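Please look at the sequence and the structure shown here, and then read on for a guided account of one sheet and two pockets.

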Amino acid sequence: MIRPLNEMPSLIRSLLVDVETEVVEYKEAKQNFDFDNIGKYFSALSNEANLRNAECGWLLFGITNKRGVCGTAYRKEASRPSVGLRKLKQEVAQHLNAGMTFEEIYEFDLDEKRVVAFQIPPCEFATPTTWKGVPWSRENESLKEMPRFKLEAIWGQSRPDWSKQISFEANIDDLEPEAVEFACAKFIEKYGTSQPAIERLSQEEKLRKMGFIIHGKVTNAALVLLGRPESTAFLSGSAPRITWTLYSSDGRPEAYEHFDPPFILQADKVLKKIRNERYRYFNSEATLFPTLANKYEPEVIRELLHNAIAHQDYRRTGKINVLEYEDRIVFINEGSFIPGSIEKAIEPGYRPPYYRNRLLSDAMAKTSMIDQNAIGIRNVYEIQKGRMLPLPTYDLLDSNRVSVTIYGKVLDESYTQLLAADPNMDLGTVFLLDLIQKGRPIGKDQAKMLRNRGLVEGRYPNLIVSSKVAGIIGTHEEYVRQKGLDTSICKELIVKLLRTRPCTRAEIVSAIDHALPDGMSKDQKRKHVSYLLQELRKDKRIEPEGNRGSAVWTLR
């Protein structure tokens with residue numbers, strides 16, 4: 001719980017009169033304090049707060065070990081609150097797991113001396129808080145790597161599964177028949193070949209096998225995925241809902257629609273609302289041949305929406321939001337990001353430490369809505385990488401909310417051209433290049449690696465994706481120089497040129513000279529371009545204006 005600033009002096013005084021506990025640490029920090037030690041104390045105090053059922057832990061600067069007020073100049077600035085202190089939340093979050101950061105940082109005067117109080121949340125159920133991958137704990141006044149018995153005490157904690165709870169007031173008649181039939185069909189489709197007996201089970205037995213019914217009673221998971229819209233009244237205040245909102249180019253909401261359970265049928269309905277036009281973009285400087293593609297891959301939309309359904313914290317009574325803008329879609333769901341960081345989630349072989357809604361996740365896996373091998377997010381990244389489009393952007397600044405953005409357009413042509421030139425580039429490298437094209441920071445060692453491979457330009461930290469693709473696709477450019485580009489590609493190059501302005505044949509020859517074989521004479525080039533122009537004219541894509549010898553060519 002965040003406290004009002006005017007209550008902090010009395011709270012700290014109450015802590016000072018008590019004997020120091022394992023969830024409070026005092027530091028003088030008169031001028032500065034080691035950043036790495038701040039992270040270790042965060043981990044230790046967070047873990048101890050969990051083990052002792054404390055509301056939070058406290059790291060106090062400007063207090064001596066004997067609990068006297070000495071004041072601190074740590075990140076002190078002329079105005080309050082200090083910008084440096086506010087930035088610290090984001091700085092520590094980069095090295096903590098489970099999306100953790102300070103619950104709040106308070107800056108105030110006590111006995112006319114400046115004190116800084118860091119409020120640290122307890123670690124999550126069954127998940128020790130780690131600093132740079134290591135869990136820490138307090139041992140009297142010392143910091144130590146967490147001993148095995150404390151780790152096991154946290155690992156062994158049972159996490160309540162909201163989705164497994166029985167709704168005693170609801171029954172099977174509160175489920176939507178169409179949704180039930182669809183779920184059973186998907187269940188048979190997935191397991192029928194290996195387990196033929198499944199097809200002979202009754203509908204209720206299939207629902208029990210999928211986890212929707214326990215001892216003849218309907219679960220919360222069943223009401224979310226299969227329930228009639230009005231059946232949400234049985235969810236004790238939770239109101240599952242997906243809301244799609246369309247925004248205009250100037251950011252104003254233009255339209256919206258709500259989608260209530262059964263969620264198993266709603267993903268495709270949401271997908272139909274999204275404007276998924278086809279568009280052309282150029283992904284290679286060597287060919288200048290446009291790629292025609294949908295703005296969004298339907299599989300990506302389904303995966304992200306189904307993930308939001310599976311991992312939504314329904315106890316928070318919020319809804320899942322799908323926000324459609326002109327060039328991007330944002331998916332927002334309530335609940336912390338379980339992997340802690342997106343880098344961890346896309347690692348090969350990653351397994352989540354737990355599932356927020358275990359039974360719901362199991363049921364969705366059994367109906368092929370999600371993949372329980374924890375590769376769904378990585379698949380989305382691989383799909384976007386294969387399409388040479390920006391990777392999804394995860395915003396995890398709010399520790400109790402996940403926001404994911406997918407883009408439907410090229411942000412940086414250099415990034416797209418690099419991916420087109422090297423389609424086998426590893427996902428880790430693409431992830432770093434994606435951060436750079438979005439203006440996000442990367443580490444010095446990572447920047448050095450990219451620079452050594454010729455993938456970035458500029459001085460750290462102001463990097464840009466390299467526009468010099470020649471080193472990567474040099475062999476292809478040599479082929480172009482020797483043999484020339486394919487006729488169909490040359491036609492598209494002419495069309496692209498005429499999109500900018502009308503041109504004479506001589507101007508067209510000059511403009512696409514680099515795309516024609518080196519061995520051609522000037523006369524041969526003129527004849528070849530004349531042939532291409534006539535072909536495009538027959539296709540009714542271009543037309544001449546003026547006399548034949550001096551005609552100006554334009555797009556139809």
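The paragraphs below take up the sheet and its helices, and then the pockets.

This is a predicted model, in which local features need pLDDT of at least 70, side-chain atom pairs count only at pLDDT 80 or more, and totals for chains, interfaces and linings use all residues. Residues are numbered from 1 along each chain as its sequence is written, and side-chain values use heavy atoms, with hydrogens and water left out.

Four strands, in the order β1-β2-β4-β3, make up an open sheet of mixed pairing, where strands (E, at least two residues) and helices (H or I, at least four) are DSSP runs numbered from the N terminus, and two strands pair if DSSP finds at least two bridges between them. At the edges lie β1 (24-27) and β3 (104-110), each of which pairs on one side only. Strands β2 (residues 57-61) and β4 (residues 113-120) run antiparallel and are joined by five bridges, and L60 has A117 in β4 as its bridge partner. Helix α2 (residues 35-51) packs on the sheet and touches β1, β2 and β4, contact meaning heavy atoms within 4.5 Å.

The largest pocket (an open set of points on a 1 Å grid over the protein atoms alone, where a 1.4 Å probe fits, with protein on both sides within 12 Å along at least five of seven lines) is lined by 46 residues, those with an atom within 4 Å of a point. Nearest its centre lie A93, Q94, S341, I342 and E343. Elements giving two or more residues to this lining include α3 (83-93) and α14 (427-437).

Technical notes
Axes are lines fitted to C-alpha atoms, for helices over the stretch in contact, and angles run from 0 to 180 degrees between N-to-C directions.
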